[in-house]
Each structure stands twice: as structure tokens, then as C-alpha cells.
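Me: I have a new model open and would like to understand the words used for it. Could you walk me through them?

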Amino acid sequence: MLNHPFTPTAKYLLLCLLLLSLGWEKAACTLGDGRKIWQQPKPDSIIKDRSFLHDTFPSGFLWGSGTSALQTEGAWDQEGKGPSIWDHFTHSNISDKLAPETAHVASDSYPHWDKDVEALEYLGVRSYYFSLSWPRLFPDGNAKSRPNKAAVEHYSRLIERLLEKRVEPIVTLYHWDLPQVLQEHYGGWKNESIVELFEDYAAFCFDTFGSRVRYWLTLHNPYLVAVQGYGTGVHAPGEKGGPAGFLTVAHNLIRAHAKAWHTYNTHFRPAQNGKVSIVLGSHWVEPQRGRATVTNIELCQQSMEASLGWFANPIFGDGDYPVSLKTKYGGLLPTFSPEEKLWVKTTADFFALSFGPNNLRLDRGLIQYGQTVTPDLRRILGWIKLAYGDPKVLVTEGGWFSEASVGKEDTVAIYLMKKFINQVLQAIRFDGVQVFGYSAWSLVDGFEWNYGYTVRRGLFYINFNEPNRTRTPKTSAQYYRRVVSDNGFPSDETSSRITGRFPCDFHWGIADSTIQVQFYPFSPQFTDPHLYSWNVTGDGLLRRVPGVKMQTRRAQCTDYLAIRGHLRLFESTGASHYRFALNWSLILPQGDLSNVNTEALRYYRCVLYELKRLNLEAVVILYHPTHRSPHLGLPGPLQASGGWLNYSTVEAFQEYAALCYQQLGSWVPYWITVNEPNRLIDIYSSWKEKHQAAHNLLLAHAKAWRLYEREHSARQGALVSLALHADWVEPANPFLDSHTAAAQRFLLFELGRFLDPLLGTRYKEKHSNVDYPEEMKAYLEERAGVMGLPGSPLPTFTEAEMKELRGTLSFIALNHFTTRLVAPYLHTPDNFQRKQPPDHGCLILSDPTWPSSSLGQALVPRGLRKMLNWVSQRYGGALPIIVTASGVDDQAPVEDKLRQHFLKSYLQEALKARQLDRVNLQGFYVWKLQDRHAPQFGLFTSTHHQSKAKASIAIYREIITHGGFPEDRTTQTCRSSELHVRCSVCAWMFRHKAMLVFAGLIIITALTLAALVVFVIITKRNQTRGRGRRVKRWRKREGVAVCLCPPVKC
């Protein structure tokens, strides 16, 4: 066999100097920059396409899957194979942490290798990552002896078949199965003699198979070999040598790799032109609580150096161990001479990365340094680029595990695979990392080391109790097959942006919960009866005058400055509709009309009056349940008597609704009887109570609706509905019919339970009786039988109740916030005894690739459009649909980027639903106006934080101004412009009513004075003329005769 000295030759030294002079130094100068990744701002998941990238991988991307010999081959003592350290380890029961199984048969891939190739064909991958078994090829571990012919033929057949199928073989020389004889004779990897033996073994493999193999990997995850095998004893050979043991082993593993690389580089590369590397595994860490201080960054860097850098720094870096390891271990850490550093350095043609659970659950003391471990494959790829000069990277092991009980329906594994692969895509597209391949681990279920068969990592399921070990694709295999076929995650049409406007009468709203009543006006000047003197002694103070009391007047609406301040915030948003709730327990503390809080009603009238004055419309909720209240928002006596489990609460609600209609109805154009009854019933523990509460809530709504129709609709003309929590759900596993059925069932329990009895469905005859969904009734009947219950817990409606219920919605009100994944709950008597499952029989999950808020709310805009379509298709498009609440929590005090993204993306989907799908959508209300305390859902900060406007208000106002998303971004103008002019004039007159009245009084007074002046003038003139006429008449009656003729002479 070939033999090479450990120290580099003069020829090699000259080669190193030549590489440096030709520019290797330029690449190397960027080494050690890994700390920059924590110094840079973490990628913002809110930015478009950053949380999940819809794009494809580069052309020619090397998709693959992989296995290791010991985990899958079986045939542990057949056809000349010698025992490995793992065979001995599992037989001797050295470790108390070891599962009791062995790898004697495992997946039985040695005789069924062709089935593995068929599995690769099913996936459509272009590469297969597998390992050669050293003890199968050389039972005595010595590659200078005669090889096992059967083993050589086996691997040759496998490689030939792979090439026939155009699948690239990626071959690992050593994946933890050291021949047991080498452990016994030399002490395994602790002895540097193994380095020479490994070189001989590598040279044989290169010579025998190298003409057909382009990618070689010397060792798989040497960190685990050293630490788990020789430090903690969790892996074979099970030695607990501590740092002294695993540091020596690691040193020998690095030297063995370097020897194998130099052997290939010198003797086989010219003819075979292949590439050689080593698979390094790692975890990933982020600074504690996201605080990227200098200290935390340094601790993160040390954590990475303690695992990945331990091996990567000598090979891809400067040829030596990281300084942090030297500081930590001191004299225990072996050293490289200057010549050895040059000899080890750059002994890899690409960077091969293993990223999976084995690395992320390593010993906390060894790697974490108090930081946060997280499975972020994009970040570790970025760190590799910064730390080691932008090498080409092959992800040779990417994946997670499932419990053995999961079987073929490995739903969670799908989403972890989706997350990891998309992180690789983002690293390529956003960070410029040169990743050229990805291998999903593993191809088939196998022996999982110290976990035995208790966990599964295969894409193909194997029943280990079945002799023939049939390979059955799991749902994760179906998903990976689709990703490979699509070469990633291509964009779909639904993610494209559209332009257009909502109609002029669209509700641009803001939703709040129960509005806070403040009984005392801001100014006490009209409520304090005392008389005060000011500045009597020159001190500028007010002093009460004793013994004197004045008459006071009742506070007016204008005295409640809190109302005006609150609505002034609302008006500044540009919204036109304000949804808020009344407090039932405040208005009727006893639950009946024996004690009516008239002051509370008066305060609500003031709110409604001020809204009217501002030309804004109110949407008023009669009953807004709250989980924080001990009475669920009900008057105490009603809750004490059974609450919604007692029919008397239905009658009490009708009485309460009648009072509100009478006292407030003149100012309310939209009523909502109950907000989210489908969330209220969740507080009831038993199925029977939950269904009874829902039943009574429906009846209460119907009675309130009928009452308004009979006594108030003709005069007040408002519309009445109830509001349902309406999050969209999708099958957690799209490849399983049971998950699809679970998603539909969930929607029926959430929405159909309340809407079917009120509206029926478009598929039923118009005059047929309304009732709960048939699918829901059938499911509850079936499950009751399975659980051994006497019957369905679902109540039934009488004929009279059905008649009263039918049609009692004026519009459909939906509160939509997010999208969830659902999977069927496994119903067994044992599960039932441990915990009562939800009545809909669904488990709620979430996709980890969805961007989410600090409270865990996923942002999935398409879910709104799908929900609107589901409701429209089931109940027809006659009734308008209004989204009466929608929003997201955002901890940013002012620059709430998450909410800005939410508003733009969700309103885009709302426009698509209306414009493309013809959904009769009439409004969208943002939840909510103002925070109570810390930044959360509010568009404004809390009063404690000066009620500052957040940046999302400008976004919402802009959308309102444009009426949506017009192509020309102009302000929306409606056709009925004259009507709007008249309305605006009327609104101006209404707002300035007091001034107009005062001006009118002045004008009337002026006119009265003018009329009086005119009257006096006319009267005086008439009097003057009258005196002249009277004189003339008097003279005629009383005066002497006058001769008008000339005198006559006698």
C-alpha cells in the first residue's frame, strides 16, 4: 500500500508557497471573520420573501439522500464481515444510556441494496451519500491484507447501478464503524497507528472505486467520534476518558483525514479528478436574549469553535486549533508543529456539513457557553462563509427525527425539512453562500446509534419486525420528492400583487373591546358645589369659602374629555367605522331591569353622539366575553346561576338587548349581539357543557335579532349580526386524506356550528329546517360510540327554535387573525382517560417557516382569502361579509414593521377575494386602536406612553385614502360626488351646530332690531303727516272768511 511521511516534503512546501503567491493568501485574509455574523443585524423576516423564500435552487443543484453502512446494512456477520466497535458495544451493554437493540439486521440494505436504489429513483434525486464498511472490506482492519471479495463486489454493484440511474455516488470512508480488532489491538483512535492504517484503507478505496466516484468524504462528524466515543462513552467504543481522551482522538482524526487527502491529491487526483473532504457537524448558537454585546458575541464564537471550529480551523483555516480551545484545555490539547500546520491546512476541496439532532443535543458544558442553541441552518452556512473564506459547501446530512410511534405519517418532519431546505436556499440567494448540494437524512429508517430503534430518521418507513424490510415512502418522502421535482419552492400565482380599489361604501374600521366608562367628568367646575376665593394672600392659591354652597348642573357630554381625546385618535387614522363593546355587567349589575345603571348608558350615548358629530359610524357589540373576568363578562348573578348553561341567561340577554336598542339605537347603524361565541365555549371543560353553551348563545342571538326586527328595525334601520372568530386552517399533512378531513371538520365546528343554524347552506333547500352541520352531528355520534358514551352531547332544536333561528343574520361578521395547521387527534380509550380531547378531534400545529409575532401569531395572508372564499361558497354571496377584527401584536414602540407588513399583505388578500373571487366583502376592521400597557396590538401607544401614533397608522391611512391599491396611487373619488358634497356640508353643519345656532340668534336679533327701527321710523313719519291734515281740517271748521275777489267801489 502507499505510504507517505507525516512531515511535508520540500516539494509540498514549495507548492504551499506557490499557492500563497498566486492569491490563496488573499482568500485566507478573510478567515476568522465569523464573529461578524452576530454583529450584523439578523435577517428581518418581515421583509418580503425573507421569512420563507419562494424561489428555485441553481441549475444542477445536487439533490440527494444518504445512509451509513452500520445503520442500514445489517448482515453484521455474513459474507466475511468482521465485527465493528458498534457490534461489540451493543453486545456488551457497556452504556446504561444505550437502547437494548443491535444493528444485526437493521434495514437489511446489504441484501436489499437494489431496493434502496429504487427508493432513490422514487425521490428523483441526483446523488446518494453512503459509507463503506471498513470491517466488511477488511475484517482485520489491515488494508494491506487481502480484501473481502464479497464486500468489494457488493459496493461495485451498488456504484454501477447508481451510475446507470444517473445518481452520483458520494462515498464516505468512515462512518463510525471501526473494526473491533483495531480497537482491541491499538486502543482505537487514541493510537496514532490508526492514522497509518486509515491511510492504507483510504488508498485501497480510491484505487478500487475511485474511477467511478467523484466525491469522497474521509470521516463523518469526527466531533461525535471523539467526544461521544472516547469522552462521554455514549457512543462506541464507550470510553469515558474525558478531555484527555477525546482531545487525542480528535487530533488523530484530523491527521488521518489529512493523510487520506494528500494520498488522493498526489496519487489519484490527476487520473480521477475527484474531490475529497471531511464531514463536519455543528450546532448553532445565538446571543442570550438576542443581545449582541461584545461579550455575548465572543461566547457565541467560542461555542462554535468548541465544536465546528475544533476541526474546521486546522483544515479550512490557519492549520491550527482556535485560540479559545488552547486557552480552555491548555496542555491537554495536542499541538501542531509549523510544518504540520501547513500540511493539514487546506486539505479539503469543499466544505461538507452535517446538521441534525445529534449535534444540537450535545453536552451543554462543551458547546453552549450560556448562549441559545437554535437549529438555524442559514446562519451556520453564513458563519462558514465568513470564517473560512467562502468555500463551496455540500450539506451531506440535513434532517431531524421522529418518534418510532409516528410511523409513515411523519408530519412534523415535513415542516422541519421545509425549514432547513429553505434556509439553505436563503443562504444561497441572500447571503451568497456557495452551496452546491443537499442530502436529506436518511434514506431509510435504520439503527439510530445509542437510541436504537426508538427514533426514526428515514424518508422510507421500515417495519423492523417484518423479515423482508419493505421500504414504504413516508409523507416526508412525498414532500421531498416534490421539492426535488420543483428544484425548490417556486412562486405561485396567489402570491402575486394586484391593483384595484374597494368600493366607496367599504367599511374602513378599527375594532376595540369593551370601551372603558369614566363616570366622572374631567373638570369638576360643574360638579363641585363649593365656592373658592383665589389669591387672597397673594400666594396664587384657591381657598374654599366655608359655609357657602352653590347649585351645580349635571355633567354634559362635552365635559368627558376622555371621549373626545379617544375619538380624536380614532379620527386621525382616517377610518370611517368604530367597533366597540358595551359592558353588560355594568349596565345591568343584577342581570335584570331592577337596577339599571343610567350613568353608564348616558356615557355610551355621549360616545355615540361624539361619533355622530365626527361623521363616523358605530358598530356596537352587546356582549363581549372576556376570559379575564371571573364572570366572563356576564352580570354576577347570571353567572352564579349557571351562566350560558342556564336558559334563563338567554331570556336575560333578550331583556338587556331591548334596553340597549331603546336607549342607544338611534345612533347605532350596526349591532353585533355576541362577539366570538366560538371562543367563549372553549372555557367549558366537558363536551356537554360546551355544546349546551353554544346552543344557548345561538338562541340568545336569535331572540335579540327577532326583537330588533319586530320593534326597532323599521324606525332605526340598523343591521344585526354576531361575530365569529374565523382563523383559517389547513391540513398539517397535505398528503393524508385524514388531515384534509380534519381541516374541514375543524371549520364546521368553528363556523358551521353557528352559521348553519342561522343561514343553512347554499346546498340545502331554501325552506328546509336549519340545524347543526350534518357532518358535525355524524362525527359526534360516531365518536360517542367509540368512547363508550350513551349518545351525542349535541342538543337538538325544536321546530319553533329552528324557525326563530333561520335567517337571523343581516351580515356575516368574521374576526380573522391567523392560519393554523390541523391534524386528526388519535381517539383511543387510553387517550380519553388521560385527557379529554377537543370536541372537533383536531390537534393544532404551526408551520415553523411562517413568520410569527412575539405572541406566536403566524402571518399567513393567503389564509384570509381562503377563509372568505370558504364562507362565501358555503353560505352564498347574498349577505355581505365584514372582517370585524384583524391584527397582529408588535412589540415595537413606534416603528411597528410587523404590523405594517400585516396590513398591506392582508388587505391585498382581501382585495383579491373581492376582485378576483367575487366575495361580497364590505369591510375590514383593524384590531385595535390603542395599547393598554406595553406595545402589543394598538395603533397608538398607551396613555402611559403619551398615546403616540405608530408607523402603521400612516400605512393604513394611505390605503384608506387610495381606497385600496390603485395602479396610479391617486386618491379615491366616488361617483356619487354630489351626495358626498351634500353630506360633507351637512357634516360641517353638524360639527359646528353650536356656532351656527349662536350665529342664527345674532342674525335673528339683528333682524328684529332692524324691523323695530323701521317700525319706529314709519310710525313717526305717519304721525307727522297725520298732524298736518288735522290742522287743515280745523282751520276749515274754525277760521275767518277771506275775500278772494277785488274790492268793489260804490
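Me: Happy to start with the strands: what makes β7 and strand β9 (residues 392–398) a pair?

Reply: Good place to begin! Two strands pair if DSSP finds at least two bridges between them. Five bridges join β7 to β9, and the strands run parallel, so they meet that definition. One of the bridge partnerships is L353 with V395 in β9. Before we go on, this is a predicted model, where local features need pLDDT of at least 70, side-chain atom pairs count only at pLDDT 80 or more, and totals for chains, interfaces and linings use all residues. Residues are numbered from 1 along each chain as its sequence is written, and side-chain values use heavy atoms, with hydrogens and water left out.

Me: How do you know that strand β5 (residues 275–281) pairs with β7?

Reply: Three bridges join β5 to β7, again in parallel, so the requirement is met here as well. G281 stands opposite S354 in β7.

Me: Why is β7 (residues 351–355) called mostly covered?

Reply: Five of its five residues are buried, meaning under 20% relative accessible area (exposed is over 50%, partly exposed in between; 1.4 Å probe, protein chains only). F351, L353 and F355 point one way, A352 and S354 the other way.

Me: What makes α10 (residues 222–230) mostly covered?

Reply: In helix α10, nine of nine residues are buried, among them Y223, Q228 and Y230.

Key. Helix = DSSP H or I, 4+ residues; strand = E, 2+ residues; numbered from the N terminus.
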